[in-house]
Amino acid sequence: ADIAAAVIIEGASNLRGSETTARQRVKDALDYVENNGDELQGLVSLDRWKDSGAARLRDILEYWTGSPHLTPGLQLKVEVKAPWRESVASCDYNNLRAHTCSDTIDVPMSCFELGTQASKLGKAMFVASMEIGFGDL
């Protein structure tokens, strides 16, 4: 199943672009995680590393929802957050917050700004999924 197809954007009023553009950014970020293992491998310890792009996506899905499985009809929410202080403004893994009870991930709006590459969001999502510990399950 396609994770990106299940994504909906909330808080789009915080963006200069459209919800469609934000959905595409999330899709591109997930594609980056799936297809660029060589660039991601050094971001986590070797004992947490997974060679399979599909396994890396399952880790992100589990971070996001609490389950590595994409069930039919599931809506994955991306809540675009305006920064409420400078330290949470950057597109970094420590500024992403997953809420598994509502299948929502809070993402700083800087991850969607022009000039920010989808790979930056992909790296943030990947590292966040490893830091929370779901990658060990």
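# Close-up views of a predicted model

**View 1. An open sheet of 4 strands, with mixed pairing, runs in the order S1-S2-S4-S3.** The model shown here and in the views below is predicted. S1 and strand S3 (97–99) are the edge strands. Each of these two pairs on one side only. On average, neighbouring strands of this sheet are turned by 25° against each other, direction ignored.

**View 2. Strands S1 and S2 pair in the parallel sense.** The pairing of S1 and S2 spans 4 bridges. Ile9 stands opposite Val78 in S2. Glu10 stands opposite Glu79, also in S2.

**View 3. Helix H1 packs on the sheet.** H1 touches both S1 and S2. The direction of H1 makes about 130° with that of S1. S1 has two faces, one covered and one uncovered. Val7 and Ile9 form the covered face. Ile8 and Glu10 form the uncovered face.

**View 4. The largest nonpolar core has 38 residues.** Val26, Trp64, Val78, Phe112 and Leu121 have the most contacts inside this core. Several elements each supply at least two of its residues. Among them are three strands: S1 (7–10), S2 (76–81) and S4 (104–108). Helices H1 (19–35), H3 (53–65) and H4 (118–131) do so too. H4 gives the most, with 7 residues. In soluble globular proteins, nonpolar side chains tend to be buried together.

**View 5. Leu121 is one of the residues with the most contacts inside the largest nonpolar core.** Residues up to four places away in sequence are not counted among the contacts listed here. Leu121 touches Arg25, Val26 and Ala29. Leu121 also touches Cys91, Val107, Cys111 and Phe112. Two of these partners, Val26 and Phe112, are likewise among the residues with the most contacts inside the core.

**View 6. Thr104 lies in strand S4.** Thr104 has a relative accessible area of 8%. Thr104 therefore counts as buried, since buried means under 20%. The side chain of Thr104 reaches the backbone oxygen of Ser102 at 3.0 Å. Not counting residues up to four places away in sequence, Thr104 touches Trp64, Lys77 and Glu79. Thr104 also touches Arg97, Ala98 and His99. One of these partners, Trp64, is among the residues with the most contacts inside the largest nonpolar core. Another, Glu79, stands opposite Glu10.

Technical notes
Residues numbered from 1 in each chain as written. Predicted model: local features only at pLDDT ≥ 70, side-chain atom pairs only at ≥ 80, totals over all residues. Heavy atoms only, no water. Core = buried A, V, L, I, M, F, W, Y, C linked by side-chain atoms within 4.5 Å. Buried < 20%, exposed > 50% of the residue type's maximum accessible area, 1.4 Å probe, protein only. Contact = heavy atoms within 4.5 Å. Polar contact = N/O pair within 3.5 Å; in protein donor to acceptor, adjacent residues only side chain to side chain. Pairing = 2+ DSSP bridges. Axes fitted to C-alpha atoms, helices over the stretch in contact; angles between N-to-C directions.
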